[in-house]
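Trainee: Please take one part of this model and examine it closely. I should then like to see how the rest of the chain compares in the way its parts are held together.

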Amino acid sequence: MAMAHSGDSIAVDMPNHLIEKEHIIITGHGPVSVIVYGDQEKPPLITYPDLALNHTSCFRGLFFCPESASLLLHNFCIYHITPPGHELGAASISIDDSVPTVEDFSDQILEVLNHFRLGSVMCMGAMAGAYVLTLFALKYSERVTGLILVSPLCRAPTWNEWFYNKFMSNLLYYYGMSDLLKEFLLHRYFSKEACGSLQVPESDIVRSCRKLLDERNSINVWRYLQAIDRRPDLTEELENLECRTIIFVGDSSPFHAEALHMTAKLGRKCCALVEVQACGSIVTEEQPHATLIPLEYFLKGFGLYRSCWFNNGHRSCLGPSCIKPELLSPQSMGVKLKRIKTRVSPPPPRTQQS
């Protein structure tokens, strides 16, 4: 992998075998677009994005981070599964087709795995996509190695979320991908700092996502929203989740409380929580570097390691001297996972001794 600097941007030249290739898989619930990226002889990692997003707008920041290449692309072949009708240039799904359920999405994932003859897979999902992959892991536990969840949902919608979903649903159905709807979605994804204000312009990543939302088919997004709005509560089933899980959530995410709830239900023996300061829901886009060290030690629990050398001859900067001591404990290296924060809490006040 070669990198060239140009102004504030970094151009990354990837090897030929890492070129993306799209496959259209016909399933019992309609066609699904799957982008395969990497060497198919390597262990599989599947992704599933949030509402109105695809892999480009949900995970690209993480996978194209130079440090990530030596960790994720070195260890996995990536299968980006796109929600029905969310691929680029997708036509409207017929109004005569029944509105899908989250169970339909999880069954589609199984058919995709069977198509590619994949056994057990690592899963990475964001928000609604994290819910779909969690449901998949509960239904087909033997097909899931581990879960990497970004601001996940696990409960049925709260009244507040239900109201917002209803409002967005009406906007989508009657007005399409309007400017107002895009504002609602962008604040679902990103922190207020990233979205900007009258005095501060929005960040480049928000501006890029805004353009990508223009390409979404509003009826297809509406169908995804209907499915996720009718999702059942998974709380009682979480104790049956068998795979190790790591959860990332921004402290400004509207789903922050949801992530804390899910972590508490899963317990510290099988789940680690990483809270990222000054970040919204899509940590993989807004602050991808914050995920790298926790991900590295999470994957070590599965016997997966970072490539020691880049092609330019420099060793990874994520060496032991850069890592907080608590991340080097046996618990954080896969024996037992614990809650991790990216910010340091103040020490407790001293008590006077008599």
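Mentor: R207 and D204 both belong to helix α9 (residues 204-213), where they stand three residues apart, or about one turn of the helix. Helices here are DSSP runs of H or I with at least four residues, strands are runs of E with at least two, and both are numbered from the N terminus. Please note that this is a predicted model, in which local features need pLDDT of at least 70 and side-chain atom pairs count only at pLDDT 80 or more, while totals for chains, interfaces and linings use all residues. Residues are numbered from 1 along each chain as its sequence is written, and side-chain values rest on heavy atoms, with hydrogens and water left out.

R207 and D204 form a salt bridge, with the closest N and O atoms 2.6 Å apart; the term requires a side-chain nitrogen of Lys or Arg within 4 Å of a carboxyl oxygen of Asp or Glu. R207 is partly exposed, at 33% relative accessibility, whereas D204 is exposed, at 60%. The classes are buried for under 20% relative accessible area, exposed for over 50% and partly exposed in between, with a 1.4 Å probe and protein chains only.

Helix α9 also packs against helix α7. Their axes come within 11 Å and cross at roughly 135 degrees, an axis being a line fitted to C-alpha atoms, for helices over the stretch in contact, and the angle running from 0 to 180 degrees between N-to-C directions. The two helices, α7 and α9, are therefore oblique to each other; angles under 35 degrees count as roughly parallel, over 145 as roughly antiparallel, 65 to 115 as roughly perpendicular, and the rest as oblique. On the side of α7 the contact involves K182, E183, L185, L186 and Y189, and on the side of α9 it involves V206, C209, R210 and L213. Contact means heavy atoms within 4.5 Å.

Helix α7 leads to a further ion pair. R188 meets D50 in a salt bridge, at 2.7 Å from N to O. D50 lies in the loop between β5 (44-48) and α1 (55-58) and R188 in α7 (residues 179-189), so this salt bridge ties together parts that are 138 residues apart in sequence. D50 is buried, with 0% relative accessibility, and R188 is buried too, with 7%.

A third pair joins E67 and R306, whose closest N and O atoms are 3.1 Å apart. E67 is in helix α3 (residues 66-75) and R306 in the loop between α13 (289-300) and β11 (340-341), so that the link spans 239 residues. E67 is buried at 11% relative accessibility, as is R306 at 9%. The two residues do not stand alone, for E67, E296 and R306 are linked in a network of salt bridges. In total, eleven salt bridges are counted in the model.

The setting of E67 also deserves attention. Eight of the ten residues of α3 are buried, so the helix is largely enclosed by the rest of the structure. The buried residues are E67, S68, A69, S70, L71, L72, L73 and N75. They pack against β4 (30-37), β5, α2 (60-63), β6 (77-81) and α13.

Another helix pair may be set beside α7 and α9. Helix α4 (residues 102-115) and helix α5 (residues 128-139) pack with their axes 9 Å apart and at an angle of about 70 degrees, and α4 and α5 are therefore roughly perpendicular to each other. From α4 the contact draws on V102, E103, F105, S106, D107, I109, L110 and L113, and from α5 on Y131, V132, L133, L135, F136 and K139.

One residue of helix α11 (residues 256-266) may also be mentioned, namely T263. T263 is buried, with 12% relative accessibility. Apart from its neighbours within four places in sequence, T263 is in contact with I247, C271 and L273.

Finally, the chain as a whole has 13 helices and eleven strands. Of its 354 residues, 53% count as buried. Among contacts with a separation of 6 or more, 76% are between residues 24 or more positions apart.
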